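Biologist: I keep meeting labels like "buried" or "tilted" and I'd love to know where they come from. Can we go through some of them together?

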Amino acid sequence: MTLFEVLYNTLKKDCWKFDFDQKNELFRLEIRGINCDFVSFIIVDEEQESLLCNTHIKQKIPFAKRVEVCNFMNRINHELTIGNFEMDMDDGEIRFRTYLDSANSEPSQEQLINLIWNGAQTFDTYYPGLIKIISEDYPAEEAVRICSQDDD
């Protein structure tokens with residue numbers, strides 16, 4: 001079975017609502033979080049035997065806040081073991097990226113669901129800190145600390 005088929009079957013079996021573009025090997029999912037709603041795009045690369053999941057929020061980071069948000073994301077990324085935050089400095093779009101290399105094996109349903117949920121859950125955890133920076137002028141270090149306290 002192709003990676004596209006495996007992912008399609010997993011999403012159907014797990015009752016996800018999604019759009020897909022088989023020609024471009026791309027899935028689009030809308031995810032409701034606790035703190036924010038997300039859109040995840042999963043790119044299937046059959047040739048490289050890999051899946052890339054980019055989780056986005058609809059909100060763009062205002063120009064004046066981008067450097068502080070980069071500081072915030074860098075502090076978070078330094079501690080993460082799976083995935084990372086990224087920002088387009090030109091338009092303020094941020095995303096969380098996760099990746100699954102499935103070379104010579106078929107990924108399990110659990111691996112595929114984790115690919116999606118890791119991005120959404122991490123983004124949801126740190127979204128309140130992001131909003132503190134944007135709307136209340138919190139420094140990055142304090143915004144990260146607030147998100148970490150929520151985990152305790």
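**Labels and the numbers behind them**

Modeller: Sure, and keep in mind that this is a predicted model. Let's start with two strands: β4 (residues 50-56) and β6 are paired in the antiparallel sense, over 7 bridges.

Biologist: What makes β4 and β6 count as paired?

Modeller: Two strands pair if there are at least two bridges between them, and β4 and β6 have 7. One spot to look at is H56, which stands opposite R95 in β6.

Biologist: And which strand is joined to β6 by 4 bridges?

Modeller: That's β5 (residues 84-87), also antiparallel to β6. Here F85 stands opposite F96. The two strands make a hairpin with 6 residues between them, and G92 in the turn has a positive phi of about 85 degrees.

Biologist: How do the side chains of β6 (residues 94-101) point?

Modeller: They alternate. I94, F96, T98 and L100 point to one face and are buried, while R95, R97, Y99 and D101 point to the other and are not. That's the usual picture, as side chains in a regular strand alternate between the two faces of the sheet.

Biologist: Why is R95 called partly exposed?

Modeller: Partly exposed lies between the 20% and 50% cut-offs. R95 has 22% relative accessibility, so partly exposed is the label. E86 also comes out at 22%, so E86 gets that label too.

Biologist: How do you know that E86 and R95 form a salt bridge?

Modeller: The cut-off is 4 Å between the side-chain nitrogen and the carboxyl oxygen. In E86 and R95 the closest N and O atoms are 2.7 Å apart, so the pair passes. Salt bridges with shared partners join E86, R95 and R97 into one network.

Biologist: What about K60 and D91, what does their salt bridge tie together?

Modeller: The N to O distance for K60 and D91 is 3.6 Å, within the 4 Å limit. K60 is in the loop between β4 and α2 (66-79) and D91 in the loop between β5 and β6, so the salt bridge ties together parts 31 residues apart in sequence. K60 has 41% relative accessibility, so this residue is partly exposed.

Biologist: Over to the rings. Why is the pair of W16 and W117 called tilted?

Modeller: Ring centres must lie within 6.5 Å to pair, and tilted is what's left between 30 and 60 degrees. The centres of W16 and W117 are 5.5 Å apart and their planes are at 50 degrees, so tilted is the word. W16 sits in the loop between α1 (3-13) and β1 (18-21), W117 in helix α3, and they are 101 residues apart.

Biologist: Are those two buried or exposed?

Modeller: W16, at 15%, is under the 20% cut-off, so W16 is buried. W117, at 31%, is over that cut-off but not over 50%, so W117 is partly exposed.

Biologist: And which residues form an aromatic cluster?

Modeller: F38, F72, F85, F96, F123 and Y126 do.

Biologist: Where does α3 have a kink?

Modeller: At Y126, shortly before the proline P128, with a bend of about 40 degrees.

Biologist: How does the reach of α3 (residues 109-136) compare with what's expected?

Modeller: Its 28 residues reach 41 Å from the first C-alpha to the last, close to the expected 40 Å. Just after α3, D137 takes a positive phi of about 60 degrees.

Conventions:
Residues are numbered from 1 along each chain as its sequence is written. This is a predicted model: local features need pLDDT of at least 70, side-chain atom pairs count only at pLDDT 80 or more; totals for chains, interfaces and linings use all residues. Side-chain values use heavy atoms; hydrogens and water are left out. The expected span of a helix is 1.5 Å times one less than its number of residues. The bend at a residue is the angle between axes fitted to the seven residues ending there and the seven starting there. Rings of Phe, Tyr and Trp (its six-membered ring) pair if their centres lie within 6.5 Å; planes under 30 degrees apart count as stacked, over 60 as edge-to-face and the rest as tilted. Buried means under 20% relative accessible area, exposed over 50%, partly exposed in between (1.4 Å probe, protein chains only).
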